[in-house]
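Below are some notes on strand pairing and on the cysteines, set out as numbered points for a colleague who works with coordinates.

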Amino acid sequence: MEIWLNPACSKCRSAVDLLDGEGVQYTVRRYLEQPPTAAELRTVLDRLGLEPWDITRTQEAEAKELGIGDWGRTDAERERWIEALAGHPRLIQRPIITADDGTALVGRSEEAVREAVARSGRDDR
């Protein structure tokens, strides 16, 4: 299991606290310091079952500077979004947790983090 996080984010800290409390082994990726490549983003999006605009923080100042709010949300525009996320990782929704079963979740709620734990075979309840 890997968790992409920003340590300054309260949702990320809560997810880590929950994972630690469950005794789950995971790897931390500080995605602002070690940004994902476009290829990694494509893989994570496939695992999430989402499109790049679904994990974009459109209210960030960088998003507004790029004019992302006006971009199309179509297959033709998909690569443009992915390249923007790769070039501006602050725009990526967080935390993203990749589960051991090959899926991934955006862990913004306790329920989502618990689901990642369950998908990794660690839900003992």
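**Notes on the strands and cysteines**

1. Ile3 stands opposite Val28, a residue of strand 2. Strand 1 (residues 2-5) pairs with strand 2 (residues 27-30) in the parallel sense over four bridges, where pairing requires that DSSP finds at least two bridges between the strands. Leu5 likewise has a partner in strand 2, namely Arg30.

2. This is a predicted model, in which local features need pLDDT of at least 70 and side-chain atom pairs count only at pLDDT 80 or more, while totals for chains, interfaces and linings use all residues. Residues are numbered from 1 along each chain as its sequence is written, and side-chain values use heavy atoms, leaving out hydrogens and water.

3. Strand 1 also pairs antiparallel with strand 3 (residues 96-98), through three bridges, and here Trp4 stands opposite Ile96. Helices (H or I, at least four residues) and strands (E, at least two) are DSSP runs, numbered from the N terminus.

4. Strand 1, helix 1 (residues 10-22) and strand 2 form a right-handed β-α-β unit; right-handed means that, with the strands pointing away from the viewer, the path from the first strand over the helix to the second runs clockwise.

5. Why does the disulfide count come to zero? A disulfide is taken as a pair of cysteine sulfur atoms within 2.5 Å, and the sulfur of Cys9 is 3.5 Å from its closest cysteine sulfur, that of Cys12, which is too far for a bond.

6. Cys9 is buried at 6% relative accessibility, and Cys12 is buried at 1%, where buried means under 20% relative accessible area (1.4 Å probe, protein chains only), exposed over 50%, and partly exposed in between.
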